[in-house]
Amino acid sequence: SQAWPALALGVLLAVSATACAPRRAGPKPFRPQIGVEQSDPDRDFWQMPKLVIEKMGVRPGMKIIDLGAGTGYMLPWLSRAVGPTGKVYAAEVQPALVDLLEKRIASEGLSNVEVVLSTSTDVPIPGLVDRALLLNTYVELSDPVAMLRALRRRLHPTGRLAVIDHLPFADVPGPPVAERLPLETV
């Protein structure tokens, strides 16, 4: 059905700390095949990066955190959207992914992107950002309440948080349904 891609984008959400999932043991460890999974050529169709950026209201000069940047799928899109006067922080907790991100940024010449090794409860960046993006990341947070509080401290007062995840339906692309973010959690 053509209706599900529009639903997959969801909406920009203000997440209530009381509605967050319970604390998890920690992030899933980096799997070497993740680079292949995340670079699937069909991903642009179901992830809709242009629409994500549009709905987030990203403009040139903005500062953005891509929390759980993974292999950096969104980084070229975000980098172009904020332009040379903007900044993108690619935040990741896993050192193996940090190394991979740094290599990708260098090879693609994304001069306005900085990789940040974050913790499960904070993203150490200077100053405030205009947008924070959790793209298929929320379910990986070991302590979502602490991380959301940290993001709130890092967001400009007019900043926005986008939580975008896989739809909880079996007939759309993505991980097994049991691993998807329930709408009730958000």
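## Close-up views of a predicted model

**View 1. Arg131, a buried charge without a partner.** Arg131 is buried but forms no salt bridge. Its nearest side chain of opposite charge is Asp130, 5.5 Å away. A salt bridge would need a side-chain nitrogen of Arg131 within 4 Å of a carboxyl oxygen. The model shown here is predicted. Arg131 sits in strand β4, which covers residues 129-135.

**View 2. What surrounds Arg131.** What does the side chain of Arg131 reach at 2.5 Å? The backbone oxygen of Met56. Met56 is also among the residues that Arg131 touches beyond four places in sequence. Others on that list include Gly57, Val58, Arg59 and Met62. Lys63, Ile64 and Ile65 are listed too. So are Leu155, Thr158, Gly159 and Arg160.

**View 3. The whole chain, for orientation.** The chain holds seven helices and five strands. From the N terminus, the order is α-α-α-α-β-α-β-α-β-β-α-β. The chain has 186 residues, and 47% of them count as buried. About 9400 Å² is exposed, with carbon and sulfur atoms supplying 58% of that area. Among contacts with a separation of 6 or more, 77% join residues 24 or more positions apart.

**View 4. The largest nonpolar core.** In soluble globular proteins, nonpolar side chains tend to be buried together. Here the largest nonpolar core has 26 residues. Met74, Leu75 and Leu133 have the most contacts inside it. Several elements each supply at least two residues of this core. Among them are helices α4 (49-56), α5 (75-82) and α6 (95-108). Strands β2 (87-92), β3 (113-117), β4 and β5 (155-164) do likewise. Which element gives the most? Helix α5, with five residues.

**View 5. Leu133 and its contacts.** Leu133 is one of the residues with the most contacts inside the largest core. Neighbours within four places in sequence are left aside here. Leu133 then contacts Val52, Met56, Ile65, Asp66 and Leu67, among others. Met74, Leu78, Ala162 and Ile164 are also in contact with Leu133.

**View 6. A second core.** A separate core of 21 residues is also present. Val123, Val129, Val139 and Ala150 are included in this second core.

**View 7. Tyr138, in a loop.** Tyr138 lies in the loop between β4 and α7 (144-154). Is Tyr138 buried or exposed? Tyr138 counts as buried, because its relative accessibility is 2%, and buried means under 20%. Arg180 is 42 residues from Tyr138 along the chain. Their C-alpha atoms are separated by 9.3 Å.

Key:
Residues are numbered from 1 along each chain as its sequence is written. This is a predicted model: local features need pLDDT of at least 70, side-chain atom pairs count only at pLDDT 80 or more; totals for chains, interfaces and linings use all residues. Side-chain values use heavy atoms; hydrogens and water are left out. Helices (H or I, at least four residues) and strands (E, at least two) are DSSP runs, numbered from the N terminus. Buried means under 20% relative accessible area, exposed over 50%, partly exposed in between (1.4 Å probe, protein chains only). Lys and Arg count as positive and Asp and Glu as negative; His and the chain ends are not counted. A polar contact is a pair of N or O atoms within 3.5 Å; within protein, one must be able to donate a hydrogen and the other to accept it, and residues adjacent in sequence count only if both atoms are side-chain atoms. Contact means heavy atoms within 4.5 Å. Accessible areas come from the Shrake-Rupley method with a 1.4 Å probe; for residues, only the protein chains shown count as cover. A nonpolar core is a set of buried Ala, Val, Leu, Ile, Met, Phe, Trp, Tyr and Cys residues joined through side-chain atoms within 4.5 Å.
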